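What follows is a walk through one structure, taking its metal sites before its helix packing. Keep the sequence and the 3D view open while reading.

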Amino acid sequence: MQHIVDLHIHSHLSRATSKSCNIEGLYYWGKLKGIHIIGTGDFTHPTWFAELRDKLEPAEPGLFKVKKSIANEIDKTLPPSVHDSLIRFVPTSEIATIYKKGDKVRKLHQVLVVPSFTEVSAINSRLERIGNLKADGRPILGLDSKELLRILLECAPTGQYIPAHIWTPWFGLFGSKSGFDSIEEAYEELSPHIHAIETGLSSDPAMNWRVKGLDGVTIISNSDAHSPQKLGREATVIAAELNYDDIIGAITTNDNRLRGTIEFFPEEGKYHADGHRACNLRCTPEQTAAHGGICPTCAKPLVVGVLNRVGALASRPDGYVSKAAKNVEYIIPLAEILAELRGVASTSSKAVQTDYHDILARLGDEFSILRTVPTEVIREAGQPLLAMAIKRMRSGNVVREAGYDGVFGTIKVFKNSQERSQTINQMSLL
Amino acid sequence: MKPNSQQQKAICAPLGPVAIIAGPGTGKTKTLVERICYLQKNGAQPKSILALTFTKKAAEEMSERLKNRGANGLRVATFHSLCFDLLKEKQGAIPQFISEPERLVLLKNLPKPSALSGVSRRELSLLVSRAKNLAKESPEIRRLTDAYNAKLAEQNLCDFDDLLLQTHNLLKADAAWQNKIRQRFAHILVDEFQDTNLLQYQLLHLLNGSNSLFVIGDPQQSIYGFRGASGDIFGKFAQDFKQATQITLDINYRSCSNIVTIANSIYPQLPKLTAHNQEPGKAVITEVLNEFSEAAWVIKRIQQAIGGSDLLNAISDDSTSQHRSLRDFAVLYRSRSAARVLHKSFAESGIPMQIIGDGSPYDEPNVQTIVQLLAKIADESRQISINNMSHQQTFTFSKQFDPSTRPFNLAEQLISAFGFEPDDNLSQLLSVLVQFTSVKEATAYFDKIATNSFYDPRAEAVTLLTIHAAKGLEFPHVILIGAENGILPSKRGDIEEERRLFYVAVTRAKQQLDILHAQKRNGQPAELSSFAAAIDPYNLPHQIDASLTKDKLRAKKRQIKRAQTTLF
Ligand SMILES: [Zn+2]
Ligand SMILES: [Zn+2]
C-alpha cells in the first residue's frame, strides 16, 4: 500500500506556530490533505510529549493512532469523501544545534525519528542535560551534531537522524552560512548512520542529484509545517507495510519501496535564488558572480541561495539524472491554485476556503486531486478552470518567480491577469 | 611559551619562604607548576611536595597540567581533602557528614537570641562556618556555634569545617604526629593564597617544618571575606616570614590592552599591569531602561554575535563576529538576586546557557519531593528528608504505594496525592520517567545525575554566573550587568572587597567587555556604580541603549507580533 509520509512538522509549542497545531488539528488536516504517516514533531517538549501520551495510543508496531473517542468527534466535522483515510503518527522532533567546529560556528537542524515513547523518554533525559527543552518545541542545543547523532544511536538503535532542509543558508547541513561541504565533514566516522536527507522547499531531487556526495543517501521531502494547513507541502511516497520498520526500511535502503517525493517547485522556496530582501534585489547565481557577491545597493554580501550553493558543491551538470532517481511530482498547494483562479492574493480569503472545502467534499482529499484524479473528472465536477490549472501543474507548465533571502517565490498557472481573464472568457464560451 | 624573566625569577627563587604577587592573567598557575618541576629537577622527592588549592576543580586542573609536564606522584589537594586524609590516617574513620539541607534544618531548630531573629538560615550557616574558621564573630554567633557543634557531636555527625578544625587541634596536641607529617611534606605550595582564612593559615604553620613555603596569589582578587578569608593574608605572611623572597608578576597575557588599562585605573595607587596583547579590545558602558531591557540587551547582543539562533532572527551581516561561539560569552553579576530577570529571560529565549552554581531541575522542591519518595518506595530503608514530614511520616506515606507500579504512574499518583500544580519541571520529570519499567531503575538514574554534574560536559553554552564563581576563569566576551551603586558596590559589603569584586569582573574579559547599568531597577531610580564612573570615559566610553527607549520598544513588539503571524 502507498503511504504519503510527512515526518517534519511542528506543534503549537514551537515558536511561530499556529495554535491549531495540536493533535486534533493535525488529524483533521491530515485527512483533508490525504497524508497517512505524520511525524508528531517536537517530542522533546515535555508538554507536547504529555499531549502525545494523552491523545495517542499504540497502533501497528512503531506507529500510533489518535484515540478513538477523539478521532470520532473530529470525523463528524470532516466531509465523508475523506472519512476513510488512514492517519498514523510516528514520534519525531526537529533539533537545532549551534556549535563550533574547525573555527567556524555551525548551525544545523535535524529531524529525529523513533518508534516508541520509551525511546523518546530516553532521548529527552539525555538532552535535558544539554539544553533547555521547555522554551521551544524545536530546542536549540549547544552540541556538536555528531554527538547528537551518537546520542540518538545510543538511545534508539532503530531511530533515524535526518539532516533537515539541508540547503538553507543558515540552518542546513550544506548551508552557505554555517554548514559543511560534505556529510563526512560533519559526522566523520558516524556518517554511515546518515541514511537520508531532506531537500527542503528550495531544492528538488534533481538539484541534489548533481552532488556526488549524496549518492549514498535517500532523498526525502517533508513539509516543515508550522500550521496544520501546511501539512504535506512536500512529502515522501512509500509503498510499504504499515509498520515503523518497513516504512523506515524504505528510507534506509532507498529500495523499490521508496517510490518518490512530492515537491514544491523549488523556485517557490524562500532561499532558492540569491539576493537581498531589504534591498528588493533578486539575482541568479550568474548575476551574483557578476556583482562579486556584493549587493550593489547596500554594499553588504548578498545572501547566497540554494541554487548557487548547489552549484558550488556540484560536480555534475544541471540536468544530470541519478541512477537512484525516484519519481518526482511537483505540486502547488490547492488553496494557492484556487486563489490564483479567483484572482485574490490570499489563500485564507473566505471565497478560496469555501471553494477548497466544496471541491474536497466532491473529489476527495487534496493529494488525490493534485496527483491522481483524472482532469476530466475534475472538469465534470464543474471545475473546468481548475482542471486546466492542474493539467498545467502536472506537466510543469507553470510560471515561476524565484524566492530569495527569506521571501517566498511565486508559482503561477497563468503568466498574468490578462492571460487569466482571456482563459476564463474562452472557458465560458465552451 | 617560555617563562618571562619575572616568572623565571619566581620559579627559581631560593628555597625558603616565597611570596609571589601575581595579578590577573600573569601566568600564576603556570609559574606554580614550573616551580614544582624546578623543585623536582633539583632533587625534591615527588612525595615530599604538597600543593594546596581551594577547590576540587582547581586541584584537578593543576594535576592535569603537572602530568602534562611530566611531574607525577606529588600530592595536589584542597585544604579539605588533605585534612580528610590526614584524619582518616590518624583516627581510622571519619564521622558521617551532615548534608547541607539537614544542616539548615538543624540551625533552624536551635534556640536563638533575639539578636539573630531576622537572620536567614543560609546566612546563619555562613556565620557559623566563619566562626569555626576562626573569624571574629559576635558572642551570639559564638554561642550558637557551640550549640550547633554540641548537636552535631550528639548525632555523631561532622561538617566540612570540622575536618580543618580537628586536624588543626590534633596537630597541635600531638607533637609526634605533627613531626611525622612535617617530615612528609618538605615543600608546601599554596595557590590563590589570598583566599586563605585564619584557620587555614594556622594549619599551614602547623604543617610547615622546613620553611620551603611557596605562596602565590593576588591580594586584589581576595573576594571571600564573607566566608572568612582574611583580607590581608599577604601582609600577615610578610610579617611572620620576614626573610621571605617577594616577587611580583605584572605582565598580563589575558586581556587586550585597553581592558588592562581599565583594570589598572581601578587601583591608581598600585603598580600597573602591562598588557602583553597590544591589540585594542572593545569595552563600553551601556545604559539601559530597566532590568528587563537589560536582559533583552544581553540576549540580543549574544544573538547578534553568533548570527542569530532562530529563523525569525537570522542575521545576515554581522560577519565580523561569526567566529564567536556560545562558550565565548559570560554574563556576570554581583548576586543572584540581581540576576533574577536575566535568568528568566534566558530560560524563555531557549539560548543554550548554564547558570553556574545552580543545581539541576531535580533540585526544585516539588520535583525533589517526588524523586525522594520514589527512592523511598524503591528502598524503604532509604533515609530521605522532605519539608514538613518526619522520617516516620515519609515511611508511612511511602508504604501506601505499590513498588511494582511503573515509576511514571507512581509519580503521577504522588503528584496528585500532594496536590502539586502541574508545571514545566514536573512534566519534564514525567517525560523522563516514561522510559523506566521499575522504580529501582528510575532511582538509580536520579542517583546518577545527583552525584555527577547535571550538565553534560559536551554542552556549549553561554555562562551565567556570579563574580565570585567567575574567579579564575576567563572569557573572550564578558558582560557585567547591574553595575550600579547598591548592587556593586553592594549596600552591606565592605567597600574594598566590593572594589576587588569589580576588579575581578573586569579582568575576566579577554577581548570584549560590556558593562550595563539601568536607569531604574525594581521600579526605583538607579545610578551608575561609582567604580565604573571613576574610569576615564576615554578608555571606557558610555552609550545609551537607544533601541530600547519606550517608543521603539512598542514598535518592536508590534513587529515581533507581525512576524509571528506570518507563519511559514
Ligand atoms: Zn528547521
Ligand atoms: Zn543589499
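Along the sequence, the donor residues of the zinc ion (ligand 1) follow the spacing E-x14-H-x55-H. In this predicted model, the residues in question are A:Glu94, which binds through OE, A:His109, through ND1, and A:His165, through NE2, at 1.9 to 2.3 Å. A:Glu94 sits in strand S6 (residues 92-101) of chain A, while A:His165 is in the loop between strand S9 (160-163) and helix H6 (183-187) of chain A, so this pair ties together parts that are 71 residues apart in sequence.

The zinc ion (ligand 2) is held by A:His276 (ND1) and by the SG atoms of A:Cys279, A:Cys295 and A:Cys298, at 1.9 to 2.4 Å. Their spacing along the chain is H-x2-C-x15-C-x2-C. A:Cys279 belongs to the loop between strand S14 (274-276) and strand S15 (281-283) of chain A, and A:Cys298 to the loop between helix H9 (285-290) and helix H10 (306-313) of chain A, so the pair ties together parts 19 residues apart in sequence. The angles among the four donor atoms run from 101 to 129°, and the site is tetrahedral. For four tetrahedral donors the ideal angle is 109.5 degrees.

The remaining topic is a helix pair in chain B. Helix H4 (residues 79-91) of chain B packs against helix H8 (residues 160-173) of chain B at an angle of about 55°, with the axes 9 Å apart. The two helices, H4(B) and H8(B), are therefore oblique to each other, and the crossing is left-handed. Residues meeting in this contact include B:Phe84 and B:Leu87 from H4(B), and B:Phe160 and B:Leu164 from H8(B). By type, the residues of the contact of H4(B) with H8(B) are nine nonpolar, four polar and one charged.

Notes. Residues are numbered from 1 along each chain as its sequence is written. Chains are lettered from A and ligands numbered from 1 in the order in which they are written. This is a predicted model: local features need pLDDT of at least 70, side-chain atom pairs count only at pLDDT 80 or more; totals for chains, interfaces and linings use all residues. Side-chain values use heavy atoms; hydrogens and water are left out. Axes are lines fitted to C-alpha atoms, for helices over the stretch in contact, and angles run from 0 to 180 degrees between N-to-C directions. Helices (H or I, at least four residues) and strands (E, at least two) are DSSP runs, numbered from the N terminus. Angles under 35 degrees count as roughly parallel, over 145 as roughly antiparallel, 65 to 115 as roughly perpendicular and the rest as oblique. A crossing is left-handed if the near helix is turned anticlockwise from the far one by less than a right angle, and right-handed if clockwise. Contact means heavy atoms within 4.5 Å. Ala, Val, Leu, Ile, Met, Phe, Trp, Tyr, Cys and Pro count as nonpolar, Asp, Glu, Lys and Arg as charged, and the others, Gly among them, as polar. Donors are N, O and S atoms within 2.8 Å of the metal (3.2 Å for Na, K and Ca); water is not among the atoms, so sites may look incomplete. Four donors count as tetrahedral if all angles lie between 85 and 135 degrees; four count as square planar and six as octahedral if opposite donors are over 155 degrees apart and all others between 65 and 115; anything else is irregular.
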